[in-house]
Amino acid sequence: MSLPKTMRSLLQPSATSTDLTLTTSPLPTPERNSTEHLIRVHACAPCAGELLWPKNFPPTKPRELIPCPDIAGTVVSAPEGSPFREGDEVYARTNYIRPGNARDYTIGVTEELALRPKGLSWAQSAAIPVSSETAWQALFIHAGIVGDGAGDIIAAREAWKGKRVLVTAASGGVGMWVTQLANLLGATVIGTCGSNNVSLVRSLGAGEVLNYRETSLREWGARPGNKVDVVIDCIGRKSLEDAWWTVRDGGVVLSIFQPPRQVRPEDYKGEGVRDVFFVMVPNRKHLEEITKLVEQGNCRPIVDSIWPLEQFQAAFKRLDDGHARGKIVLDLSLTQ
Ligand SMILES: NC(=O)c1ccc[n+]([C@@H]2O[C@H](COP(=O)([O-])OP(=O)(O)OC[C@H]3O[C@@H](n4cnc5c(N)ncnc54)[C@H](OP(=O)(O)O)[C@@H]3O)[C@@H](O)[C@H]2O)c1
């Protein structure tokens, strides 16, 4: 395959500036004797808040600050021994140690890539990895309900059966995956979202939906029978603070936004509640399980909006406004 000498690439100029610029740069080159693949990017997706990561969580080795951790694309070249070949259609949440994927060509390693689900558009495929893998790892590993996180759905169903889970921001990128997966595992899901998204969150499997603009979680949690076994918080701050009042003694408050104890109410008197924060790790096996669930029709991605690369400013504004319904995606085949 003949390759161009240069490509489009979105750059964050420094860790302290969130003003992205569209530049032209040489193609990345896979490292020799590694598991790196060169991938032609068809679509990529940003993650909420990611332009603050370089400042708050500096990469261990300095690197180009290219946003968008999620890709869907075609393998251009694969290293010896790879399970993937030239032409394979793959997707991934690529590791934070390397630049992201808002560029025409990128690098993906064997440990994070999976074949993308059949029957989806490129944009739908790029909407899946970081959100679904985070939800998977919350439910199968970090909530502590299932032992080892190996992805045994039958054992996980036994462990989750009958559990009550509160998911905050259930209409967001991660929340909609937590809602779908927890529902599949047999838990009773209560989701929070705005009024526009109530029917969407219900359609994803929530048995009860709370409009966060109208419902006080403290009051809701005080009503008989409402307490939950697990909170999975996807928004942090005030929502997470209020969510403490909904968990039963001995339950779990898990957040993907911040350590829950940072906002535990001073007058909270519950006992034995475990609080958990984690950062997801790209994992091929988890993504392969998600692929199967999507192909079987058990889960689906939701795309909020699709933008050409050149309209990155409008796309990031929509993301930063915090009201996306599902994922925002950049489709690199679109012209502005
Ligand atoms: N720890 C990790 O490994 C990890 C992994 C992935 C993401 N994250 C982080 O998790 C956070 C969520 O990411 P995301 O992609 O799911 O976010 P997102 O898609 O940007 O979330 C937007 C959604 O949140 C809803 N929302 C806003 N305020 C709300 C509130 N107070 N209560 C309930 N819903 C509310 C919005 O609904 P309305 O329009 O109705 O307001 C909208 O649908 C981000 O901070 C991201 O960086 C962490």
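A nonpolar core, as I use it here, is a set of buried Ala, Val, Leu, Ile, Met, Phe, Trp, Tyr and Cys residues joined through C-beta atoms within 7 Å. I'm working from a predicted model.

**Entry 1: the core**

I looked up the largest nonpolar core first, and it has 102 residues. Ala 126, Leu 139, Val 178, Val 329 and Leu 330 have the most contacts inside it. Which helix or strand gives the largest share of this core? That is H3, with seven residues. Domain 1 (6-128 + 301-331) and domain 2 (133-277) both put residues into this core, so I note it down as lying between them. General reminder to self: in soluble globular proteins, nonpolar side chains tend to be buried together.

I then picked Leu 330 and listed its contacts, skipping neighbours within four places in sequence. The list runs to Ala 43, Cys 44, Cys 68, Ala 102, Trp 307, Leu 309, Phe 312 and Ala 315.

**Entry 2: the two domains**

The domain assignment splits the chain into domain 1 (6-128 + 301-331) and domain 2 (133-277). Over C-alpha atoms, I get 28 Å between the two domain centres. How many residues of domain 1 are in contact with domain 2? Seven, and they meet seven residues of domain 2. On the domain 1 side of that contact, I have three nonpolar residues, three charged and one polar.

**Entry 3: around the ligand**

I went to the ligand next and found 30 residues around it. Ala 48, Gly 172, Gly 173, Gly 194 and His 323 come nearest. Both domains take part in this shell, each with at least three residues. By element, I noted helix H3 (129-142), helix H5 (173-184) and strand S9 (188-193), each of which supplies at least two shell residues. Sorted by type, the shell has 15 polar residues, 14 nonpolar and one charged.

**Entry 4: helix H10**

H10 covers residues 312-320, and I find Ala 315, Phe 316 and Leu 319 buried in it. Why do they sit on the same side of H10? Because they cover an arc of only 95° around the axis. Strand S14 (303-307) and strand S15 (327-331) are among what covers the buried residues of H10. Just after H10 comes Gly 322, with a positive phi of about 80°.

**Entry 5: positive phi outside glycine**

Most residues other than glycine have a negative phi. I wrote down two that go the other way.

Ala 169 has phi near 55°. I place Ala 169 in the loop between strand S8 (164-167) and H5. Is Ala 169 buried or exposed? Buried, because it has 27 C-beta neighbours inside 10 Å, and 20 or more is the cut-off.

Arg 237 has a positive phi too, about 50°. Arg 237 is in helix H8, residues 237-243. With 13 C-beta neighbours inside 10 Å, Arg 237 goes down as partly exposed, since a residue needs 12 or fewer to count as exposed.

**Entry 6: three single residues**

Ser 255: I find this one in strand S12 (residues 247-255). Ser 255 is buried, because 26 other C-beta atoms lie within 10 Å. Val 167 is 88 residues from Ser 255 in sequence, yet the C-alpha atoms are 9.7 Å apart. Beyond four places in sequence, Ser 255 contacts Asp 233, Gly 236, Leu 240, Pro 260 and Phe 277.

Arg 103: where does it lie? In the loop between strand S5 (89-93) and strand S6 (105-109). Arg 103 is charged by type, but I count it as buried because it has 27 other C-beta atoms within 10 Å. Arg 40 is 63 residues away along the chain, with 8.9 Å between the two C-alpha atoms. Leaving out neighbours within four places, Arg 103 is in contact with Met 7, Arg 8, Ser 9, Leu 10, Val 41 and Ile 66.

Val 90: this one belongs to strand S5. I have Val 90 as buried, because it has 21 C-beta neighbours inside 10 Å. Ala 114 is 24 residues from Val 90 in sequence and 5.5 Å away, C-alpha to C-alpha. Ala 114 also turns up in the contacts of Val 90, together with Leu 113, Leu 115 and Arg 116. Others I noted touching Val 90 include Ile 39, Gly 73, Val 75, Phe 84 and Gly 108.

Methods. Residues are numbered from 1 along each chain as its sequence is written. This is a predicted model: local features need pLDDT of at least 70, side-chain atom pairs count only at pLDDT 80 or more; totals for chains, interfaces and linings use all residues. Domain bounds come from an automatic or database domain assignment. Two residues are in contact if their C-beta atoms, placed from the backbone, lie within 7 Å. A residue is near a molecule or strand if its C-beta atom, placed from the backbone, lies within 6 Å of it. Helices (H or I, at least four residues) and strands (E, at least two) are DSSP runs, numbered from the N terminus. The arc is that of the directions from the helix axis to the C-beta atoms.
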